[in-house]
Amino acid sequence: MRLLLNIFVALIIGSLAQCPSGFTKLVNAPNLDAVLSYIQQAESATSLKAYYFSDIDETLVLPACPFIYGLPRTDDFVSKIVNCSTDENNLISAQMESLYYGAPIFTVEPNTLSVINSIRNEHTVLPLTSRTQSDVNTPTLLNSMAKIGFRFSNPIYLGLLNGSNAIVANDSRMGGVIFGNAGESANKGDIIAAYLKNINPQLTNFLAILVDNSLSKCTAALNAMKTKYPNICFLSIHYTFAYDYGGQIDDMKQFLSDIKAKVNITNSQRCVYAP
């Protein structure tokens with residue numbers, strides 16, 4: 001009788017461990033209203049309360065800057081700069097990056113703060129960035145976000161996450177922040193799973209949601225969840241509201257001209273925008 005009871009319990013637990021077939025997926029959200037709708041649908045489908053992980057750059061905040069790598073306008077403009085040597089390209093890229101990190105930031109949507117706060121009232125909400133905690137630009141970013149008014153959930157774990165380079169930190173003004181600490185190679189699916197293991201090592205009965213403006217990061221996280229953590233119900237939301245941001249062509253051309261002068265590229269035929 002005890003053996004049959006154990007088998008029955010194992011079957012019940014096994015049925016609960018697997019996420020509903022076809023649920024773990026990637027979806028596109030043009031704005032935060034769509035994100036909220038997906039959260040509601042996911043919770044209804046799984047009867048689970050979501051853990052919400054959001055990218056920071058171009059998902060929560062944007063710099064007031066003409067060049068924002070990863071957004072269509074900038075990527076298209078940069079791809080059409082011709083007659084540039086590797087050294088010249090590196091000089092220009094460094095100046096564009098300096099503009100990016102030195103610019104003041106603002107929320108991606110006018111209601112970003114209110115939406116994050118409303119989600120946080122009922123869910124765990126943590127920012128998950130590929131940035132490194134030790135990067136020289138990180139304190140400025142966190143200070144600016146705190147001044148804007150961002151507040152996140154208190155993390156249930158602090159420190160290095162097992163099996164990854166990611167670190168969970170607690171900002172005294174805002175709450176928890178997860179740093180990927182591996183640049184663009186950080187897989188956010190692995191990081192989310194590593195964080196959730198501190199709550200339940202079996203990774204059962206979890207609904208995790210990632211919101212990120214990078215399609216490649218959303219896809220990589222989804223693949224990690226499907227192949228390595230099938231017990232987690234996972235929704236990867238590719239959020240594209242920021243795609244309309246970035247400088248106008250004339251503005252970017254002027255900034256390019258100013259950058260060339262600053263780094264002493266004096267030949268007018270070098271590093272030119274050629275649409």
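**Exercise 1. Check the length of helix 2.**
Work out which span helix 2 (residues 32–46) should have at 1.5 Å a residue, and hold it against the distance between its end C-alpha atoms.

*Solution.* Start with what counts as a helix: helices (H or I, at least four residues) and strands (E, at least two) are DSSP runs, numbered from the N terminus. Next, the rule: the expected span is 1.5 Å times one less than the number of residues. Helix 2 has 15 residues, so it should span 21 Å, and its end C-alpha atoms are indeed 21 Å apart.

A word on the ground rules: this is a predicted model, where local features need pLDDT of at least 70, side-chain atom pairs count only at pLDDT 80 or more, and totals for chains, interfaces and linings use all residues. Residues are numbered from 1 along each chain as its sequence is written, and side-chain values use heavy atoms, with hydrogens and water left out.

**Exercise 2. Look at the ends and the buried face of helix 2.**
Find what caps the N-terminal end of helix 2, which of its residues are buried, and what covers them.

*Solution.* Step one, the ends. Asn31 is the N-terminal cap, with a side-chain oxygen 3.2 Å from the backbone nitrogen of Asp33. After the helix comes Ser47, with a positive phi near 60°.

Step two, burial, meaning under 20% relative accessible area (exposed is over 50%, partly exposed in between; 1.4 Å probe, protein chains only). Leu32, Ala34, Val35, Ile39, Ala42, Glu43 and Thr46 make the list. For the spacing, recall that an α-helix has 3.6 residues a turn, so residues three or four places apart point the same way.

Step three, the cover, using contact (heavy atoms within 4.5 Å). It includes strand 1 (25–29), strand 2 (50–54), helix 5 (112–120), strand 10 (207–212) and strand 11 (233–239).

**Exercise 3. Put the sheet in order.**
Give the strand order of the open sheet of eight strands, then place helix 2 and helix 8 on it.

*Solution.* Two strands pair if DSSP finds at least two bridges between them. The order is 1-11-10-2-6-9-8-7, with mixed pairing. Strand 1 and strand 7 (159–160) are the edges, each pairing on one side only. Further in, strand 2 and strand 10 run parallel over five bridges, and Tyr52 stands opposite Ile209 in strand 10.

Now the helices; axes are lines fitted to C-alpha atoms, for helices over the stretch in contact, and angles run from 0 to 180 degrees between N-to-C directions. Helix 2 lies across strands 1, 2, 10 and 11, at about 170° to strand 11. Helix 8 (residues 215–228) lies across strands 1, 10 and 11, and also runs at about 170° to strand 11.

**Exercise 4. Track down the disulfide.**
Which cysteines form a disulfide, and how far apart are their sulfur atoms?

*Solution.* The cut-off is a pair of cysteine sulfur atoms within 2.5 Å. That rule gives one disulfide: Cys84 with Cys271, sulfurs 1.8 Å apart. The S-S torsion is about 115°, so this disulfide is right-handed. Cys84 sits in the loop between strand 4 (81–82) and helix 4 (86–102), and Cys271 in the loop between helix 9 (249–262) and strand 12 (272–273), so the pair ties together parts 187 residues apart in sequence. Both Cys84 and Cys271 are buried. Cys65 is in no disulfide; the nearest cysteine sulfur, that of Cys84, is 18 Å away. Cys65 is buried too, at a relative accessible area of 9%.

Conventions: Polar contact = N/O pair within 3.5 Å; in protein donor to acceptor, adjacent residues only side chain to side chain.
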